[in-house]
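Welcome, and thank you for opening the viewer. Let's walk through this structure together, one selection at a time.

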Amino acid sequence: MTISPSKDKVMIAWGVGLFEGKGCIAFITDKYGNKYPKLILVSTDEDVLRRFRRIVGGGYISHKESANPNHKIAYRWQLQRGRDIQELLIIFMPMLGTRRKGKAREALAIKFKGNNWHSKSKIRCIRGHRFTRANTRIRSDGTRQCVACIQIRSRKSYLKKITKNMEK
Ligand SMILES: [Zn+2]
């Protein structure tokens with residue numbers, strides 16, 4: 001989903017105000033050591049979050065029922081896609097307070113490519129192998145490939161081939 005915020009300045013201002021009060025720019029570090037931002041907005045009012053999502057044009061809403069029946073259900077709007085976060089923060093930036101402005105700048109400074117955070121910041125591949133010089137192959141488009149993973153894949157396809165031949 002690509003973010004397409006409302007053109008209505010008043011609505012955008014309402015959204016920024018809500019985000020300033022109840023929103024958060026969180027930074028998550030995955031197991032490979034990549035740091036990436038996530039936008040979160042929490043409310044006990046589902047209609048408020050739905051309006052917010054309509055205005056910003058993206059993100060998804062989930063809810064969590066509390067074990068305590070006296071507690072209200074908490075709704076949560078989240079935005080995780082890098083490009084969407086950056087587009088939204090650029091629009092929100094001039095209206096944000098000092099603290100969130102700092103966090104927004106921090107989020108905008110993180111590089112990403114396509115839908116993913118920039119692979120150059122990754123220390124390890126998806127299987128957890130380290131991207132050392134010996135274990136890294138550069139593709140023609142400049143992205144990196146893990147050599148250990150290439151070997152695993154070719155071994156797997158080789159095994160598949162011989163088992164197939166044995167079945168014949
Ligand atoms: Zn690997």
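Which residues of helix 2 (residues 46-56) are buried? Select the helix and colour L49, F52 and V56: these are its buried residues. Now look down the axis of helix 2: the buried residues fall within an arc of 55°, so they line one face of the helix. A general point helps here: an α-helix has 3.6 residues a turn, so residues three or four places apart point the same way. Please keep in mind throughout that you are looking at a predicted model.

**What surrounds helix 2**

Keep those buried residues coloured and show their surroundings. They pack against helix 1 (9-22) and helix 3 (82-92), and also against strand 2 (35-43), strand 3 (60-64) and strand 4 (74-79). Before leaving, step just past the end of helix 2 to G57, which takes a positive phi of about 80°.

**The whole chain**

Now zoom out and show the protein chain as a cartoon. You can find 5 helices and 8 strands in it. Following the sequence, the pattern reads α-β-β-α-β-β-α-α-β-β-β-β-α. If you colour by burial, 14% of the 168 residues come out as buried. Of the contacts with a separation of 6 or more, 48% join residues 24 or more positions apart.

**The sheet**

Next, select strands 1 to 4. They form an open sheet of 4 strands in the order 1-2-4-3, with antiparallel pairing. Which strands are at the edges? Strand 1 (23-29) and strand 3 are the edge strands, each pairing on one side only. Turn the sheet to see its twist, which averages 30° from one strand to the next. Helix 2 packs on this sheet, where it touches strand 2, strand 3 and strand 4, and its direction makes about 15° with that of strand 4.

Strands of a sheet pair through backbone hydrogen bonds, and you can now go across this one pair by pair:

- Strand 1 and strand 2: the antiparallel pairing runs over 7 bridges. Select C24 to find I40 of strand 2 opposite, then I28 to find Y36 opposite.
- Strand 2 and strand 4: these run antiparallel and are joined by 5 bridges. Here I40 stands opposite Q78, and L39 stands opposite L79.
- Strand 4 and strand 3: another 5 bridges join these antiparallel strands. Look for S62 opposite R76 of strand 4.

**The nonpolar core**

Now hide the cartoon for a moment and look for the largest nonpolar core. Which of its 16 residues touch the most other members? They are I85, L88, L89 and F92. Helix 1, strand 2, helix 2, strand 4, helix 3 and helix 4 (98-108) each give two or more residues to this core. The largest share, 4 residues, comes from helix 3. In general, nonpolar side chains in soluble globular proteins tend to be buried together.

Centre the view on I85. Setting aside residues up to four places away in sequence, I85 touches P37, L39, L79 and A107. You have already met L39 and L79, which stand opposite each other in strand 2 and strand 4.

**A stop in helix 1**

Move on to F19, which lies in helix 1. Is F19 buried or exposed? It has 22 C-beta neighbours inside 10 Å, so F19 counts as buried. Beyond its neighbours within four places in sequence, F19 is in contact with L41 and F92. Try the distance tool between F19 and V42 as well: they are 23 residues apart in sequence, and their C-alpha atoms are 9.1 Å apart in space.

**Helix 3 and helix 4**

For the last stop, show helix 3 together with helix 4. How do the two helices cross? Helix 3 passes helix 4 in a left-handed crossing. Their axes come within 10 Å and cross at roughly 145°. To see where they meet, select I85, Q86, L89 and F92 in helix 3 along with A104, A107 and L108 in helix 4. Some of these are familiar: I85, L89 and F92 are among the core residues that touch the most other members.

Note on methods:
Residues are numbered from 1 along each chain as its sequence is written. This is a predicted model: local features need pLDDT of at least 70, side-chain atom pairs count only at pLDDT 80 or more; totals for chains, interfaces and linings use all residues. A residue is buried if 20 or more other C-beta atoms lie within 10 Å of its own, exposed if 12 or fewer, and partly exposed in between; C-beta atoms are placed from the backbone. The arc is that of the directions from the helix axis to the C-beta atoms. Two residues are in contact if their C-beta atoms, placed from the backbone, lie within 7 Å. Two strands pair if DSSP finds at least two bridges between them. Axes are lines fitted to C-alpha atoms, for helices over the stretch in contact, and angles run from 0 to 180 degrees between N-to-C directions. A nonpolar core is a set of buried Ala, Val, Leu, Ile, Met, Phe, Trp, Tyr and Cys residues joined through C-beta atoms within 7 Å. A crossing is left-handed if the near helix is turned anticlockwise from the far one by less than a right angle, and right-handed if clockwise.
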